[in-house]
Amino acid sequence: MELITNSVVPDRWKHTRVPPNAAEMQSTQILKVTIESGSAKVREGIPNDEKVDLENKEVLGSVWTGVLPLYEQFGEPVPGPYNEVGEVPEHVLSYRESVNKGNFEYATLAATKDVPVKREKDEDE
């Protein structure tokens with residue numbers, strides 16, 4: 001688990017609640033698979049922490065939780081090998097700036113969106 005966690009974000013393991021609690025260990029399995037194709041789920045909202053962690057001041061004071069917004073961004077324009085135009089045209093620069101700004105704003109909004117509060121289960125459920 002440590003190797004997998006650190007392969008996603010270097011050094012993340014030692015900045016989490018270590019060791020994982022029994023519920024996490026019980027609900028976690030590690031499988032080795034060969035991926036032939038894939039898809040991704042886009043997530044919105046702030047982290048939804050477990051009640052037991054929200055009630056544990058030691059965990060709240062030592063484990064950072066949050067979201068790193070991820071978005072596509074166009075880099076600096078690179079002229080083609082046969083380009084004879086000196087400057088990058090304004091419409092290309094404007095498009096790049098507009099798309100980058102829109103993608104950044106969307107990702108930031110999605111990362112800070114409130115998630116619905118989990119309701120308490122009734123005894124009848």
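**Figure 1. K101 and E105 are 4 residues apart in helix α5 and are therefore separated by about one helical turn.** The view is taken from a predicted model, in which local features need pLDDT of at least 70, side-chain atom pairs count only at pLDDT 80 or more, and totals for chains, interfaces and linings use all residues. Residue numbers start from 1 along each chain as its sequence is written, and side-chain values rest on heavy atoms, with hydrogens and water left out. Helices are DSSP runs (H or I, at least four residues; strands are E runs of at least two), numbered from the N terminus. K101 and E105 are joined by a salt bridge, the closest N and O atoms lying 4.0 Å apart; the term requires a side-chain nitrogen of Lys or Arg within 4 Å of a carboxyl oxygen of Asp or Glu. The two partners fall into separate accessibility classes (buried under 20% relative accessible area, exposed over 50%, partly exposed in between; 1.4 Å probe, protein chains only). K101 counts as exposed because its relative accessibility is 52%, whereas E105, at 43%, counts as partly exposed.

**Figure 2. A salt bridge joins the side chains of K113 and E44.** By the rule applied here, the structure holds 5 salt bridges. In the pair shown, the N to O distance is 2.7 Å. K113 belongs to the segment after α5 and E44 to the loop between α2 and α3, so the contact ties together parts that are 69 residues apart in sequence. The relative accessibility of K113 is 43%, which places this lysine in the partly exposed class. E44 is also partly exposed, with a relative accessible area of 37%.

**Figure 3. The side chains of K51 and E55 meet in a salt bridge.** The N to O distance in this pair is 3.9 Å. K51 has a relative accessible area of 53% and is therefore exposed. E55 is likewise exposed, its relative accessible area being 57%.

**Figure 4. Y71 and F104 form an edge-to-face aromatic pair.** The whole structure contains 2 aromatic pairs. Rings of Phe, Tyr and Trp (its six-membered ring) pair if their centres lie within 6.5 Å; planes under 30 degrees apart are stacked, those over 60 edge-to-face, and the rest tilted. For Y71 and F104 the ring centres are 5.5 Å apart and the planes stand at 80°, so the arrangement is edge-to-face. Distant parts of the chain are linked by this contact: Y71 is in the loop between α4 (57-62) and α5 (90-112), while F104 is in helix α5, 33 residues apart. Y71 counts as partly exposed, with a relative accessibility of 30%. F104 is assigned to the partly exposed class as well, on the basis of a relative accessibility of 41%.

**Figure 5. F74 and Y95 form a tilted aromatic pair.** The ring centres are 5.8 Å apart, with 45° between the planes. F74 is located in the loop between α4 and α5 and Y95 in helix α5, so the pair ties together parts 21 residues apart in sequence. The two rings differ in their accessibility class. F74 has a relative accessibility of 36% and thus counts as partly exposed. Y95 is exposed, since its relative accessible area is 51%.

**Figure 6. V67 and A111 approach each other in space across 44 residues of sequence.** The C-alpha to C-alpha distance between V67 and A111 is 6.0 Å. V67 is part of the loop between α4 and α5. With a relative accessibility of 29%, V67 counts as partly exposed. The loop that carries V67 also holds Y71 and F74, the aromatic residues shown in Figures 4 and 5.

**Figure 7. D11 adopts a positive phi value although the residue is not glycine.** The phi angle of D11 is near 70°. D11 is located in the loop between α1 and α2. Its relative accessibility is 39%, and D11 therefore counts as partly exposed.
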